[in-house]
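User: I should like a close look at one part of this model, with attention to its backbone and packing. Please treat the matter in one connected account.

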Amino acid sequence: MRTSRGNWRINLMRSIGIRSRLFLSYTFIVTLVIATLSSFFYIRMSNVVWERSLESSRQMLQRVDAALSQSIRDLDRISAQVIYNPDFQNRFEETFDSVESYEVLNQKNAFVRILATLNGPSFIAQQINVFNLEGNFISFGLKIDPYDNLKARIGMLDWVTPTLNKDGDKQINPPHHDELFRSGELVYSLSRLFPHSASSSPKFVEVQQSYDKMEEIVGDARLQTNNRLYIFDDEGRLFYPIMKDDQAPPFEWTSIPEMPSGVFHHVTETSDGEGTVIGWLRSSFSGLTVVAAQPKHELLDPVNSLRNIVLTVTAAAEVLALLIAYWIASTITRPIRLILRDVRRLDLEQINLNTMAHNQKTYRKSTYEIQELHDGFISMKTRLNLSMDQMLNAQKRENLAHMRVLHNQLQPHFVFNTLSSIGVLAENSGADQAAAMSYKMMQMMEYISGSNAEPVELREELRYTENYLELMKLRYQDKFNYVMDVEEAMEQIVFPKFVLQPIVENCFAHGFNRIYPPWIIQIQVDQEEDGCWKLIIRDNGSGFHAEPLKRINMFINELTHSTSGQLDRIGSKGIGGMGLENAFMRLHLFYGGKAKFAIRNLDEGMELTIAIRQREGNPNV
């Protein structure tokens, strides 16, 4: 066993040339270095890109939090100034309890001027409302259309009770439609209870801001990132955006853990198989939490782009390194490689003497031993060249003459104009099937009347065969059917005319005459991975008897192993008719001996396989 393994290793090392060994050694070293450097670079840069993406989210959240906190601070400052204003503390109820007079109206206007002063000329807040549960109401802002029944509406405000419980501390109210004014505009607000009020009815101040202000704050930040922004209060109520009942953020509020305020945090949540990166920042002043959510695949897009760039650059560097390694190995081993190549070209089918002159300079630079081997080799090949040229020219003339003989036997003679007249007459007489048969025959006649010397694309030969099959289908109706499965790329292959249809016709002549219908013919053309393409024909007929099958396989074997001088003797066996031998002979000649044939019987019918290797430099042949 050890001896066998040792011999195998020795044989393997012998099969690898000097250039290949040098090339593999250089390639291994260069690949290892490039892969190591690329991996290190990718890991490092992907971490940098990921951190920059998170940093971008953090800066965006800080900007939103700063702008939102400033808006809340402005509302809080105004509300604090109102509740500690002595006029509002001491004279608000007194004004509304007095009989309506000029002095009372003047006092109400004084309250409005106080609110206007606190709000400033730039209208820091959209609206400032001061009221008690009795319906006494003073307001300043952009809205001037309050409802008449304010007492009832004040009692329905859902933020009144939470504001009472805060006992003078600020209560931030999420976006809601204003229920005190007829405009019903969408606002968010901050409310406070007047502390130490001597009145029996609690007194409140509500400072409102338009929801458009929040849209403006968030919109400026969203223009710079693909994050989806959400704002929650400390009770988990959604401040932004306003969503319908059937909508929800891509995460749960409970999935955001309690963390210190003013510090950016992030987690990755997975829902329905899709990861979402969630970053949040909780305001220490307002208690609002700004959340940025982005699908993980979007956040990783820069990383994926970086990966593609690294792979492209790595591949380009690897290709360049391989070319350099190949050039170095080729330069070192070129003289020896040229001698070996010239020796191998002694094959009669690949001999080429023209390349020898191009290598003279290389041989002169090599050692004298290689020069002497080269001179002797040139002398031998020169003598072989004369005899080879004569033999190849003779064989070429024989092949062309033989192709003409085979092709001339396949030319049927039909009367095209007569078929056209029959088709028109059948149509006029209502004989649709007869008309269809005539037109199919006309199409076949058009194909037959074309140039006989030129090959065609496979699609044309398939169309000609399909017309014949359609004629058979019109004849046998439901008793016969056929299937064609041809890859689209295979339809452009160059193929000799009048080969496929005679093979198919052979199925009717010999395969279906001894069995009951239904009859089926399958034609399949596939591309193989090894550079070959296959034409497969199957039927469900009676198959071949043992003697004819043996004769056909012997013919295939002789054709495969024959030389050009033996083709006349072999072809005479099938020249007299349109049999399989004739088709095999034509394909063998057309593809220069590169066509392989296999025929066998199936459980039902037979299968004929024609495998053809594509010619180098011409993938359509």
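Is Phe123 buried, partly exposed or exposed, and at what relative accessibility?

Analyst: In this predicted model, Phe123 has 32% relative accessibility and therefore counts as partly exposed, since that class lies between the 20% limit for buried and the 50% limit for exposed residues. The backbone of Phe123 has a phi near 55°, a positive value in a residue other than glycine. Phe123 is located in the loop that runs between H4 and strand S1 (127-132).

The helix before this loop, H4 (residues 102-119), packs against helix H3 (residues 86-97): their axes come within 10 Å and cross at roughly 145°. The crossing in which H3 passes H4 is left-handed. On the H3 side, the contact is formed by Asp87, Phe88, Arg91, Phe92, Thr95 and Phe96, while H4 contributes Val104, Gln107, Lys108, Phe111, Ile114 and Leu115. Sorted by class, the contact of H3 with H4 comprises 7 nonpolar, 2 polar and 3 charged residues.

A useful counterpart to Phe123 is Phe498, which is not a glycine either and has a positive phi of about 60°. Phe498 sits in the loop between strand S13 (494-495) and H15. Its accessibility class is buried, because the relative accessibility of Phe498 is 5%, and buried means under 20%.

Beyond H15 (500-511), the loop leading to strand S14 (519-527) contains Pro518. The peptide bond from Pro517 to Pro518 is cis, with omega near 10°.

Key. Residues are numbered from 1 along each chain as its sequence is written. This is a predicted model: local features need pLDDT of at least 70, side-chain atom pairs count only at pLDDT 80 or more; totals for chains, interfaces and linings use all residues. Side-chain values use heavy atoms; hydrogens and water are left out. Axes are lines fitted to C-alpha atoms, for helices over the stretch in contact, and angles run from 0 to 180 degrees between N-to-C directions. Helices (H or I, at least four residues) and strands (E, at least two) are DSSP runs, numbered from the N terminus. A crossing is left-handed if the near helix is turned anticlockwise from the far one by less than a right angle, and right-handed if clockwise. Contact means heavy atoms within 4.5 Å. Ala, Val, Leu, Ile, Met, Phe, Trp, Tyr, Cys and Pro count as nonpolar, Asp, Glu, Lys and Arg as charged, and the others, Gly among them, as polar. Buried means under 20% relative accessible area, exposed over 50%, partly exposed in between (1.4 Å probe, protein chains only).
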